[in-house]
Amino acid sequence: NKNYENILTSRPEPGVALVTLNRPKALNALNTALFAELTEALRLIDADREIGAIVITGSEKAFAAGADIKEMKDKSFADVYQNRFLENWQEITTIRKPIIAAVSGFALGGGCELALMADILLAAPNAQFGQPEVKIGTITGGGGSQRLARAVGKSRAMELTLTGRMWGAREAAEWGMASRVVDEGVGVVVREAVALAGEIAGKSQIAVQAQKEAVNAAYEQSLSEGLKTERRLFHMTFATADQREGMAAFVEKRKPNFTSS
Ligand code: CO8
């Protein structure tokens, strides 16, 4: 485990990597340094054959309170445009392994957008989501307009981004943005996310990653292209040892021994 300044990484159970955003004094505001560390850590985890799924979390009080306003406030158009400010955020969406966001407390602005980049979102009862950019004279810049609209629908996305009001865990789950609200209690959402990640990591990694790619096609491609992508990936699994092993194990009434090959 590398030592980072703004994040913590650990392996809470076999096959699972846990990345904890760790700038508690700034409520995990996402500055350039934190994001550079996060993307580097995720790239290393993606290349690690021991890991099958990833959990990203923050603290009890804040998943992340947004992009770092203190870092942004004096930047000019030329600065942000020419230096492609925060454009590297989208690297997270190129990670092959499933990413679960375990959200407690504030997930605002870029913090909400980061949670929306995850493949699965679990919310603690105290989770508070929001896209408050409009209140500080700017707009969503990390996918809030696109991913939030896809997750909750146009009318809600408009209302939420145009007012900047917060919404809670229950609303997020009702609207389909989060898959569920977990029980009350310190760290429960992280434990649930780690258990879910462990369950996923125990499957064929090739199948898991192809399945993630296929679902993501639903958000990137037309229906007919997405269906074609799915079918190609489905056919591709027939070139893997894991497909032969999985189906043989079913017929022989035994547990499969996946080798991710
Ligand atoms: N940036 C920098 N510092 C922050 C941020 C932030 N986003 N949020 C909180 N902090 C700091 C505070 O300044 C404070 O520091 P200090 O002790 O030095 O004054 C410390 O964290 C604790 O915060 P508060 O005292 O404010 O704590 P409260 O419990 O009173 O309030 C809130 C918590 C409601 C979360 C409040 O801190 C807040 O409103 N924060 C700002 C939320 C916000 O506006 N976020 C959106 C930022 S814009 C954005 O994210 C754009 C994303 C673009 C992505 C582009 C990708 C390409």
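Guide: A polar contact is a pair of N or O atoms within 3.5 Å; within protein, one must be able to donate a hydrogen and the other to accept it, and residues adjacent in sequence count only if both atoms are side-chain atoms. The model is predicted, so local features need pLDDT of at least 70 and side-chain atom pairs count only at pLDDT 80 or more, while totals for chains, interfaces and linings use all residues. Residues are numbered from 1 along each chain as its sequence is written, and side-chain values use heavy atoms, with hydrogens and water left out.

Visitor: Which residue places a backbone N or O atom 2.9 Å from a nitrogen atom of the ligand?

Guide: Of the 24 residues around the ligand (a heavy atom within 4 Å), K61, A65, A67, I69 and G110 come nearest. K61 offers a polar side-chain atom 2.9 Å from an oxygen atom of the ligand. The backbone N or O atom that lies 2.9 Å from a ligand nitrogen belongs to A65.

Visitor: How far is a backbone N or O atom of K25 from an oxygen atom of the ligand?

Guide: The partner on the ligand side is an oxygen atom, and K25 contributes a backbone N or O atom. The distance between the two is 3.4 Å.

Visitor: At what angle do helix 4 and helix 5 pack?

Guide: Helices here are DSSP runs (H or I, at least four residues), numbered from the N terminus. Helix 4 (residues 110-117) and helix 5 (residues 144-152) make contact, meaning heavy atoms within 4.5 Å, through E113, L116 and M117 on one side and G144, R147, L148 and A151 on the other. Their crossing is left-handed (the near helix turned anticlockwise from the far one by less than a right angle). With axes 10 Å apart, these two helices pack at an angle of about 55°.

Visitor: How is helix 5 oriented to helix 6?

Guide: Helix 5 and helix 6 (residues 154-163) pack at about 130°, their axes 7 Å apart. Angles under 35 degrees count as roughly parallel, over 145 as roughly antiparallel, 65 to 115 as roughly perpendicular and the rest as oblique. Helix 5 is therefore, relative to helix 6, oblique.

Visitor: Which residues of helix 10 make the contact with helix 9?

Guide: Helix 9 (residues 205-220) and helix 10 (residues 223-237) pack at about 170° with axes 8 Å apart, and they are therefore roughly antiparallel to each other. Helix 9 contributes I206, A210, E213, A214 and A217, and these meet, from helix 10, G226, T229, E230, L233 and M236.

Definitions and conventions
Axes are lines fitted to C-alpha atoms, for helices over the stretch in contact, and angles run from 0 to 180 degrees between N-to-C directions.
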